[in-house]
Every structure is written in C-alpha cells, then in structure tokens.
Amino acid sequence: MLGSGTILDSSRLRRLVGTKLNVLPSSSVHTYILGEHGDSSIVPWSARTIMGKRISDYIEDGKITRAELEWCREEAVNMAYKIIEKKKLTFYGIGVALAYIVRAIMRGENATLLIGGYLDGEYGQKGIYIGVPAIVNQNGWSRIIILHINS
C-alpha cells in the first residue's frame, strides 16, 4: 500500500524555487517536502540540489536567501488554502499527482516519487505511513530512499 504522500506539495515547492531562480523546475530543481501533508512537513534543504549544485551554494552566491526558501516552503504548504478560497476545490492537482503515481506503477517505471510509504525503521520511525522518497514500480513501491539530512 502507498499514499500520495507529499508529491503535490513537493511539485509546488519545485515550481516556486524554480521561479525564484529562473530555472525549469521539472528537470532542474531537486528538492522535496517530507513528512505529513501540511504545516508539520519539512524540507531537508541540506540534501537538495538545483541543476546539480547544492542549495547552500546558491545561498552563498547570493542567488536566493534562506528566508526566500522558507517562503517557498510555506507557500507550497499553504497553497491548497488559496486554491480552495478561489476555486472552492483542490481535486485537480491531486488528481494529476495520483495519475503520475498510477502511471509509474502501471509502466513499472522505477520512478523516484514522494509517496506515503510505510516506514519499518527508516528515518528512525516504525509502523507509520509518511511522505518519503521511494522507488515506485509495478509492485507499488520497492524501497524507500534514505536522505542524509543535517538541516
């Protein structure tokens, strides 16, 4: 079994960071929102890159600030509230995200996706489903990817 995890929030985050840095999010921005969907989620900035370069390097180069990155996280996490306010619903975004997960399963793609995966000791947690990166294929998910997080 698996859930949609933070795939939609992560997609929104990549788009926001890509826009700030004027790069194509889908192929250039490799950052994720982990944990639960919503306010308690986290972004492991230390484990992420943009066009193969660490995000901390972009901060040092003055291309983006930590405050701007935190704004991107908050905006991504709270975007559903803004969409509901304007459209009264949010099912299109999650529908696209679920279709992406289903396609990866049906085609056996071995795609790295942010899903709600069952933890059995990964990240020091056991017996819960939570948003983590995993390899998704014809078996649902085959393994959870452990990120080395320090901030």
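## Arg12 and its contacts

Leaving aside neighbours within four places in sequence, Arg12 is in contact (heavy atoms within 4.5 Å) with Ala76, Met79, Ala80 and Ile83. Arg12 is found in helix α1, where helices (H or I, at least four residues) and strands (E, at least two) are DSSP runs numbered from the N terminus. At 9% relative accessibility, Arg12 counts as buried; the cut-offs are under 20% relative accessible area for buried, over 50% for exposed and in between for partly exposed, with a 1.4 Å probe and protein chains only.

A quick word on the source: this is a predicted model, so local features need pLDDT of at least 70 and side-chain atom pairs count only at pLDDT 80 or more, while totals for chains, interfaces and linings use all residues. Residues are numbered from 1 along each chain as its sequence is written, and side-chain values use heavy atoms, with hydrogens and water left out.

## Helix α1

Helix α1 is 15 residues long and covers 21 Å from its first C-alpha to its last, close to the 21 Å expected at 1.5 Å a residue. That expected span is 1.5 Å times one less than the number of residues. Most of α1 is covered, with 11 of its 15 residues buried. Besides Arg12, the buried set takes in Ile7, Leu8, Asp9, Ser10, Leu13, Arg14, Leu16, Val17, Gly18 and Leu21.

What comes after α1? Asn22 follows the helix, and its phi is positive, near 55°. A bit further on, Ser26 sits in helix α2 (residues 25-28). Ser26 counts as exposed, because its relative accessibility is 62%. Ser26 and Arg14 are 12 residues apart along the chain, and their C-alpha atoms are separated by 7.3 Å.

## How α1 packs on α4

Two packed helices are described by the angle between their axes and the distance between the axes. For α1 and helix α4 (residues 66-87), the angle is about 130° and the axes are 9 Å apart. Here the axes are lines fitted to C-alpha atoms, over the stretch in contact for helices, and angles run from 0 to 180 degrees between N-to-C directions. The pair is therefore oblique: angles under 35 degrees count as roughly parallel, over 145 as roughly antiparallel, 65 to 115 as roughly perpendicular, and the rest as oblique.

The crossing of α1 past α4 is right-handed, a label used if the near helix is turned clockwise from the far one by less than a right angle, with anticlockwise being left-handed. On the α1 side, the residues that meet α4 are Asp9, Arg12, Leu13, Arg15, Leu16, Val17 and Lys20. Their partners in α4 are Glu68, Leu69, Trp71, Cys72, Arg73, Glu75, Ala76, Met79, Ala80 and Ile83.

## Helix α5 and its two faces

Helix α5 (residues 91-106) has 16 residues and reaches 22 Å between its first and last C-alpha, close to the 22 Å expected. Which residues of α5 are buried? They are Ala97, Ile101 and Ala104. Seen down the axis of α5, these buried residues fall within an arc of 60°, so they line one face of the helix; the arc is that of the directions from the helix axis to the C-beta atoms. Their cover includes α1 (7-21), β4 (111-120) and β5 (126-137).

Turned away from that buried side is a face carrying the exposed residues Tyr92, Val96 and Met106. Val102, also in α5, counts as partly exposed at 46% relative accessibility. Just after the helix, Gly108 takes a positive phi of about 55°.

## Strand β5 and the loops

Gly131 lies in strand β5 and counts as buried, with 3% relative accessibility. Not counting residues up to four places away in sequence, Gly131 touches Gly5, Thr6, Leu34, Gly35, Ile115 and Gly116. The C-alpha atoms of Gly131 and His37 are 7.5 Å apart, with the two positions 94 residues apart along the chain.

Over in the loop between β1 (29-30) and β2 (49-50) there's Arg48, buried at 9% relative accessible area. Leaving out neighbours within four places, Arg48 is in contact with His30, Thr31, Tyr32, Lys53, Arg54, Ile55 and Leu147. Arg48 and Leu147 are 99 residues apart in sequence and 9.3 Å apart C-alpha to C-alpha. Two loop residues have positive phi without being glycine: Met51, at about 50°, and Tyr123, at about 55°. Met51 is in the loop between β2 and β3 (53-54) and is exposed at 52%, whereas Tyr123 is in the loop between β4 and β5 and is partly exposed at 28%.
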